[in-house]
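Here are some notes to read alongside the model, for anyone opening it for the first time. They stick to the aromatic rings and their neighbours.

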Amino acid sequence: MAPLRSPVPLADIEPAAKPVDVAVGLPPACYTDDDFFRFEKAAVFDTEWLCVGRSSQIPEPGDYFTATLLGDEPVIVVRNRDGQINVMSSICQHRAMCITAPAERPKEHWFDPPPECRGSTRNFRCPYHWWTYDLDGRLVGAPEMHQRPDFVRSEISLPQLAVEEWQGFVFCSFAADPVPLGPRLATFDEMLANHCLHEMATTEPELLPMPFNWKVFAENFMDAYHSLRLHASLYDFSAADTGNETLLAGTFPPLAPGSIGIGGRGRTGFKDRGMNPTQSALFPPIATLSEDDRWNVVYLYVAPTLLLGAHPDSVTWMAVQPVSAGESLLTTGFLFPESTMKLRLFDQLLELHQRGRDLFLDQDMPVAVASQRGMSSRFAPQGPLSLQDFFRSQLAEWLLERYRAAQS
Ligand SMILES: [Fe+2]
């Protein structure tokens with residue numbers, strides 16, 4: 001592949017990737033420019049692993065759900081007869097129809113993109129001309145095509161993406177031979193070992209289209225600097241009696257070469273902390289946690305899409321997909337041990353838990369919208385970072401490595 005060229009000079013990005021005490025923000029064009037978006041998509045999102053959900057969403061052979069990657073690539077995530085997960089394009093190889101699109105829709109939805117769906121099936125039949133594919137994407141039926149002498153059915157299948165599972169999360173990649181993901185997260189496997197993430201079940205993921213660049217969301221999720229200020233009315237992040245809560249003290253380990261994990265573990269002010277206005281976990285603590293774990297939270301970014309907040313009773317997961325320079329799509333859910341999901345009052349507690357999360361989003365989302373708009377201003381800065389902005393310099397460092405690789 002010919003080298004790509006960043007429309008924003010890398011020399012302007014370098015000051016953002018310096019150590020936090022001397023770093024500045026990324027150039028505003030990195031959040032707003034359409035050409036830069038295309039460069040970044042190719043340099044980062046076409047080469048790395050993208051989180052599409054949890055394997056527990058499709059426990060049985062034939063179970064599937066759909067997703068749209070990077071705003072314009074519809075895929076099917078399906079468990080095949082052998083129990084393996086496939087992520088494959090849902091673009092029919094006859095006429096480019098989305099094979100999971102409904103065969104008919106009422107007038108008010110005629111011009112909407114095909115909706116996401118899930119279910120269980122033996123195969124996928126395109127509603128347009130009834131070309132039919134099995135759970136591995138092989139074409140198994142194509143009406144009338146035998147009349148064409150040069151048609152070889154076995155040569156046609158749905159394009160497959162690389163797939164890797166990490167801790168129950170399903171990742172896929174457009175790269176032909178992506179560097180395996182698991183070994184690049186070893187530090188965090190250790191940090192999260194007692195959460196037994198792979199055994200946790202997810203709530204039904206919610207989809208939220210967002211009118212700002214994907215980095216605005218990732219930076220906000222991991223931003224310790226705003227937590228004490230913007231969320232002051234909601235939550236006392238300063239309750240850490242040790243004075244070194246990770247999110248406030250800038251204690252994420254330095255970015256290891258080749259790593260795709262940025263994050264850390266931090267001691268909180270009291271045991272069994274929960275991200276809601278009661279400050280306390282609403283569900284029973286995860287049984288496999290140690291006494292020490294119950295005083296800690298773990299925040300982790302699995303670049304470039306997955307954001308995790310692991311608490312003593314649950315884990316919040318948020319997968320962010322870029323759609324355009326100024327738009328992104330969030331897929332989010334909560335992980336709980338199966339035993340928690342069987343609690344008699346689970347649904348009621350979950351409603352409170354979600355409302356607790358939404359109170360934070362009530363403050364974060366308007367701020368994200370306003371700063372995205374601000375990035376288009378002629379007065380938008382590459383402003384100096386606070387020492388509590390350490391995630392932003394680490395993200396810039398990680399991104400710059402990919403931008404450079406694409407350009408060389
Ligand atoms: Fe926030």
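The points below go through ring pairs, then a ring cluster, then charges over rings.

1. First, a reminder that this is a predicted model. Aromatic pairs are a good place to start, and the structure holds 16 of them. One of these joins Phe 36 and Phe 39, with 5.8 Å centre to centre and 50° between the planes. That angle makes the pair tilted, as tilted covers what is neither under 30 degrees (stacked) nor over 60 (edge-to-face).

2. Where do Phe 36 and Phe 39 lie? Look at helix H3, residues 34–45: both are there, three residues apart, which is about one turn of the helix. Phe 36 and Phe 39 are also both buried.

3. Phe 39 has another partner to check: with Tyr 403 it forms a tilted aromatic pair, 5.6 Å centre to centre and with 50° between the planes. Tyr 403 sits in helix H10 (residues 390–407) while Phe 39 is in helix H3, so this pair ties together parts that are 364 residues apart in sequence. Tyr 403 is buried, and Phe 39 is too.

4. Next, a cluster: Phe 283, Phe 334, Phe 336 and Phe 346 are linked by ring pairs. Try showing these four side chains together.

5. Finally, charges over rings. Arg 125 has its charged end over the ring of Trp 130, 3.7 Å from the ring's centre. Over the ring of Tyr 31 sits the charged end of Lys 215, at 5.2 Å from the centre.

Definitions and conventions. Residues are numbered from 1 along each chain as its sequence is written. This is a predicted model: local features need pLDDT of at least 70, side-chain atom pairs count only at pLDDT 80 or more; totals for chains, interfaces and linings use all residues. Side-chain values use heavy atoms; hydrogens and water are left out. Rings of Phe, Tyr and Trp (its six-membered ring) pair if their centres lie within 6.5 Å; planes under 30 degrees apart count as stacked, over 60 as edge-to-face and the rest as tilted. Helices (H or I, at least four residues) and strands (E, at least two) are DSSP runs, numbered from the N terminus. Buried means under 20% relative accessible area, exposed over 50%, partly exposed in between (1.4 Å probe, protein chains only). A charge sits over a ring if NZ of Lys or CZ of Arg is within 6 Å of the ring centre and within 35 degrees of the ring normal.
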